[in-house]
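Open the model in your viewer and keep the sequence panel beside it. This tour tells you what to select at each stop and what you will find there.

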Amino acid sequence: MVGFKPTEVPPTAAVKFVGAGTAACIADLFTFPLDTAKVRLQIQGESKTHSNVKAVQYKGVFGTIATMVKTEGPRSLYNGLVAGLQRQMSFASVRIGLYDSVKQFYTKGSEHVGIGSRLLAGCTTGAMAVAVAQPTDVVKVRFQAQVNTCSTSRRYKGTMEAYKTIAKEEGVRGLWKGTAPNITRNAIVNCTELVTYDLIKDMLLQSNLMTDNLPCHFMSAFGAGFCTTVIASPVDVVKTRYMNSVPGQYSSALNCALTMLRKEGPLAFYKGFMPSFLRLGSWNIVMFVTYEQLKRAMMTARMSWEAPF
């Protein structure tokens with residue numbers, strides 16, 4: 001067997017909270033270039049740009065990555081990484097780390113957990129996470145969207161400057177821009193991602209197809225990533241476009257969605273689907289596998305500290 005064995009004592013809420021944030025940061029380090037490529041493809045086709053330079057055209061996931069490396073250098077693939085890691089530590093800790101606790105709250109400690117309780121728990125922690133981490137998401141998206149070449153002026157030069165500039169130019173509300181579509185997106189993502197992972201894992205364990213170890217976590221995470229991408233892509237595209245827009249470009253998230261539909265057609269809502277799937281699929285695998293192992297490692301360490309002899 002590879003990895004840590006399940007501990008006799010279930011992980012505490014604090015272990016899950018810290019473990020989820022740490023695992024999400026590790027997953028982001030591996031998959032951030034795919035997320036940046038996804039953002040560039042999603043905003044492609046917008047009528048307004050932040051510079052007078054002719055917009056670069058991107059084609060496909062790896063074509064986008066290659067174009068960015070060629071025109072902006074390899075570091076451009078990690079634009080917004082600092083804000084991304086800040087986001088995951090505050091965001092994933094809440095939406096993933098508190099999921100089991102909220103699920104138990106809704107079921108009042110019952111061993112039988114229905115799909116309704118799982119969905120409700122996913123919606124709750126997803127909305128809570130957005131309320132806490134929205135400014136980090138806005139800054140991350142803006143950094144990923146800005147083109148860094150000699151012929152263009154950079155919109156923001158640093159993470160802290162971005163927070164200050166947005167607050168100064170757009171007001172504090174600017175840092176919470178796109179909260180409504182982001183809450184919608186994360187309610188969908190959280191429900192699909194966590195509930196699907198939960199259900200696939202339970203099915204594999206209950207049918208004795210796999211044991212509670214790495215292969216089971218891998219299969220459950222892959223299935224969760226695919227289902228999440230299919231369901232959440234349209235809201236994700238609208239969220240990205242709206243958060244990256246200049247003031248006055250769209251009157252609301254709904255206006256953004258309607259403008260996209262009118263000007264670019266329904267397929268615009270699935271722009272960047274392949275990088276979204278590659279990113280979410282790989283992100284889910286790295287995150288859930290790391291999360292499960294971190295929980296076990298932290299509980300093993302805690303038990304050894306409490307009983308050293």
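Select Asp 236, then show what surrounds it. Leaving aside neighbours within four places in sequence, Asp 236 is in contact with Lys 38, Gln 42, Arg 185 and Ser 276. The model is a predicted one. Asp 236 sits in helix α8. Is Asp 236 buried or exposed? Its relative accessible area is 5%, so Asp 236 counts as buried.

Next, colour helix α1, residues 13–43, and helix α8. Helix α8 covers residues 214–244. Two packed helices are described by the angle between their axes and the distance between the axes. Here the axes of α1 and α8 come within 9 Å and cross at roughly 80°. The two helices are therefore roughly perpendicular to each other. On the α1 side, the contact is made by Lys 38, Val 39, Gln 42 and Ile 43. On the α8 side, Asp 236, Val 237, Thr 240, Arg 241 and Asn 244 take part.

Stay on α1 and select Arg 40, which belongs to this helix. With a relative accessible area of 1%, Arg 40 is buried. Not counting neighbours within four places in sequence, the contacts of Arg 40 include Tyr 58, Met 68, Glu 72 and Gln 144.

Now turn to the charged pairs. How many salt bridges does the structure hold? The structure holds 22 salt bridges. Select Asp 28 and Arg 279: they form one of these, with their closest N and O atoms 3.0 Å apart. Asp 28 lies in helix α1 and Arg 279 in helix α10 (residues 273–306), so the pair ties together parts that are 251 residues apart in sequence. Both partners are buried: Asp 28 has a relative accessible area of 2%, and Arg 279 has 8%.

Add Asp 35, Lys 38, Arg 87, Asp 137, Lys 140, Asp 236 and Lys 239 to that selection. Together with Asp 28 and Arg 279, these residues are linked in a network of salt bridges. Asp 236, from the start of the tour, is part of this network.

Two other salt bridges involve helix α7. Select Arg 95 and Glu 193, whose closest N and O atoms are 2.7 Å apart. Arg 95 is in helix α3 (residues 81–95) and Glu 193 in helix α7 (residues 179–206), 98 residues apart. Arg 95 counts as buried at 4% relative accessibility, and Glu 193 is buried at 1%. Then select Asp 198 and Arg 118, a salt bridge with closest N and O atoms 3.1 Å apart. Asp 198 lies in α7 and Arg 118 in helix α5 (residues 115–145), so this pair joins parts 80 residues apart in sequence. Both Asp 198 and Arg 118 are buried.

For the surface, select Phe 226, Val 230, Ile 231 and Tyr 270, which make a nonpolar patch of about 350 Å². Val 230 lies in helix α8 and counts as partly exposed, at 34% relative accessibility.

Now go to Val 9, in the segment before α1. Val 9 is partly exposed, with a relative accessible area of 40%. Val 9 and Thr 300 are 291 residues apart in sequence, yet their C-alpha atoms are 9.1 Å apart in space. Leaving out residues up to four places away in sequence, Val 9 touches Met 299 and Met 303.

Finally, show the whole chain. The protein chain has 10 helices and 0 strands. Of its 309 residues, 52% are buried.

Methods
Residues are numbered from 1 along each chain as its sequence is written. This is a predicted model: local features need pLDDT of at least 70, side-chain atom pairs count only at pLDDT 80 or more; totals for chains, interfaces and linings use all residues. Side-chain values use heavy atoms; hydrogens and water are left out. Patches are made of residues with over 30% relative accessible area and no salt bridge: like charges are joined within 9 Å, nonpolar side chains (Val, Leu, Ile, Met, Phe, Trp, Tyr) within 5 Å. Accessible areas come from the Shrake-Rupley method with a 1.4 Å probe; for residues, only the protein chains shown count as cover. A salt bridge is a side-chain nitrogen of Lys or Arg within 4 Å of a carboxyl oxygen of Asp or Glu. Helices (H or I, at least four residues) and strands (E, at least two) are DSSP runs, numbered from the N terminus. Buried means under 20% relative accessible area, exposed over 50%, partly exposed in between (1.4 Å probe, protein chains only). Axes are lines fitted to C-alpha atoms, for helices over the stretch in contact, and angles run from 0 to 180 degrees between N-to-C directions. Angles under 35 degrees count as roughly parallel, over 145 as roughly antiparallel, 65 to 115 as roughly perpendicular and the rest as oblique. Contact means heavy atoms within 4.5 Å.
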